[in-house]
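Let's take a walk through this one, from the overall picture down to a handful of single residues. Have the structure open as you read.

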Amino acid sequence: MPHSLCFIGGGNMARSLIGGLIARGRDAKLIIVADPLPAQLEALRSQFGVRGTSSNLEAVTGADVIVLAVKPQEMRAVTTGLAPALARKPLLISVAAGIRASDIHEWSGGAPVVRCMPNRPALEGCGMTGLFATEEVSADHRRIAADLLSAVGKTLWLEQESQMDVVTAVSGSGPAYFFLVIEMLEQAGIELGLSPETSRQLAVETAYGSGRMARESSDSPATLRQQVTSRGGTTEAALRVLESENVRAIFSAAVAAAARRSAELADEFGE
Ligand SMILES: NC(=O)c1ccc[n+]([C@@H]2O[C@H](COP(=O)([O-])OP(=O)(O)OC[C@H]3O[C@@H](n4cnc5c(N)ncnc54)[C@H](OP(=O)(O)O)[C@@H]3O)[C@@H](O)[C@H]2O)c1
């Protein structure tokens, strides 16, 4: 029998997940969303046909799977507030950045928890999500969680929860790094005489094409880079400047800072 699904928080991430699930044939009648904003609920109702309520407790009653899609700073109050209605131990799936599964497990009164870290491109259906499950999560629940997040892109499981900080730093914050590269390439083109429109199109399409090649090719990104770098050519001239300015060390330090911040946030909002 298909399980009934509840979303706590009906914002951007919930809308993307619901859109992805409905597009894959999920029955809208089995989805209920709780959100304090009536306009938010009405938009979801008219777009997807899902039910809505302003009461979190009403929404979770009878739900087999509950997606916690509120901001990280709301997670503790929201999950603690749901605890009295979670006696049946439904599966909790959290998409909140930086909130540990063990904390959610505790706040909920012992429900099984899958913690997910999706990223912004999930809103376009091409996200990358890392998942982590606590010990009490069954194989069936793991499958349900992975299936749900697959509605908005690719998924992979992490062995240890501490790896979620690295996932947050690599793929969670990752879109911003790529946007920065596009921005810098666009600016460099303008400085060298291109119009802003031309330069942006060149930068954006190059990012898109390179991403597609990296995804679809069996060659590693390093091999792909070598293939477009002829000896004594233009690309080699550019890469030599980047390497001599220590771009790799700068990047490693940046990603490490993001991972550290993720761990700090978990401490701040957690137990
Ligand atoms: N968007 C992303 O790219 C992305 C990526 C990775 C992870 N995430 C995670 O996904 C979660 C949701 O992010 P989002 O971008 O979807 O945020 P969002 O658009 O702000 O959605 C959160 C929704 O929850 C509602 N809400 C607030 N308090 C609530 C409560 N007590 N009970 C029920 N609903 C409540 C908010 O209503 P109000 O607006 O009235 O406060 C809002 O509609 C966050 O934890 C974030 O870390 C998001």
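What follows covers the chain as a whole, two helix pairs, the surroundings of two helices, and a few residues worth a look.

**The whole chain**

Keep in mind that this is a predicted model. The chain has twelve helices and eight strands, and its C-alpha atoms fill a box of roughly 70 × 40 × 30 Å along the principal axes. Of the 271 residues, 39% are buried. As for contacts between residues at least 6 apart in sequence, 62% of them join residues at least 24 apart. To get a feel for distances, pick Ala39 and Ser220: they sit 181 residues apart along the chain, and their C-alpha atoms are separated by 46 Å. Ala39 belongs to helix α2 and, with a relative accessible area of 57%, is exposed.

**α1 and its partner α2**

Start with α1, residues 12-23, which packs with α2, residues 38-48. Two packed helices are described by the angle between their axes and the distance between the axes. Here the angle is about 15° and the axes are 11 Å apart. That angle falls under 35 degrees, so α1 and α2 are roughly parallel to each other. Their crossing is right-handed.

Which residues of α1 and α2 meet? From α1 come Arg15, Ile18, Gly19 and Ile22, and from α2 come Gln40, Leu44, Gln47 and Phe48. Sorted by type, the residues of this contact are four nonpolar, three polar and one charged.

Does the length of α1 fit a helix, and what span should we expect? With twelve residues at 1.5 Å a residue, α1 should span 16 Å, and its end C-alpha atoms are indeed 16 Å apart, so the two agree. Just after α1 comes Gly25, with a positive phi near 95°.

Now look at what α1 hides. Its buried residues are Met13, Ala14, Ser16, Leu17, Ile18, Gly20 and Leu21. The cover over them includes strands β1 (5-8), β2 (31-34) and β4 (65-68), along with helices α2 and α6 (139-149). Ile18 turns up twice, as a buried residue of α1 and as part of the contact with α2.

**α8 against α9**

The second pair is α8 (residues 174-191) and α9 (residues 196-216), whose axes come within 8 Å and cross at roughly 140°. This crossing, too, is right-handed. On the α8 side you'll find Ile182, Leu185, Glu186, Gly189 and Ile190, and they meet Pro196, Ser199, Arg200, Ala203, Val204 and Ala207 of α9. The tally for this contact is seven nonpolar residues, two polar and two charged.

**α7 and the link to α12**

Helix α7 has Met164, Asp165, Val167, Thr168, Ala169 and Ser171 as its buried residues. These pack against strands β6 (113-117) and β7 (127-133) and helices α8 and α12.

Zoom in on Thr168, which is found in α7, residues 163-172. Is Thr168 buried or exposed? Its relative accessibility is 10%, so Thr168 counts as buried. Beyond its neighbours within four places in sequence, Thr168 is in contact with Met117, Ser173 and Ser262.

Ser262 takes us over to α12. This serine is buried as well, with a relative accessible area of 4%. Leaving out residues up to four places away in sequence, Ser262 touches Gly98, Asp165 and Thr168. Asp165 and Thr168 are both among the buried residues of α7.

**Two loop residues with positive phi**

Lys89 and Asn246 each have a positive phi without being glycine, as the table sets out.

| Residue | Phi | Loop | Relative accessibility |
|---|---|---|---|
| Lys89 | near 55° | between α4 (75-82) and β5 (91-94) | 36%, partly exposed |
| Asn246 | near 65° | between α11 (234-244) and α12 (247-269) | 47%, partly exposed |

Asn246 lies in the loop that leads up to α12, the helix that holds Ser262.

Definitions and conventions:
Residues numbered from 1 in each chain as written. Predicted model: local features only at pLDDT ≥ 70, side-chain atom pairs only at ≥ 80, totals over all residues. Heavy atoms only, no water. Axes fitted to C-alpha atoms, helices over the stretch in contact; angles between N-to-C directions. Helix = DSSP H or I, 4+ residues; strand = E, 2+ residues; numbered from the N terminus. Parallel < 35°, antiparallel > 145°, perpendicular 65-115°, else oblique. Left-handed = near helix turned anticlockwise from the far one by under 90°. Contact = heavy atoms within 4.5 Å. Nonpolar A, V, L, I, M, F, W, Y, C, P; charged D, E, K, R; others polar. Expected span 1.5 Å × (residues − 1). Buried < 20%, exposed > 50% of the residue type's maximum accessible area, 1.4 Å probe, protein only.
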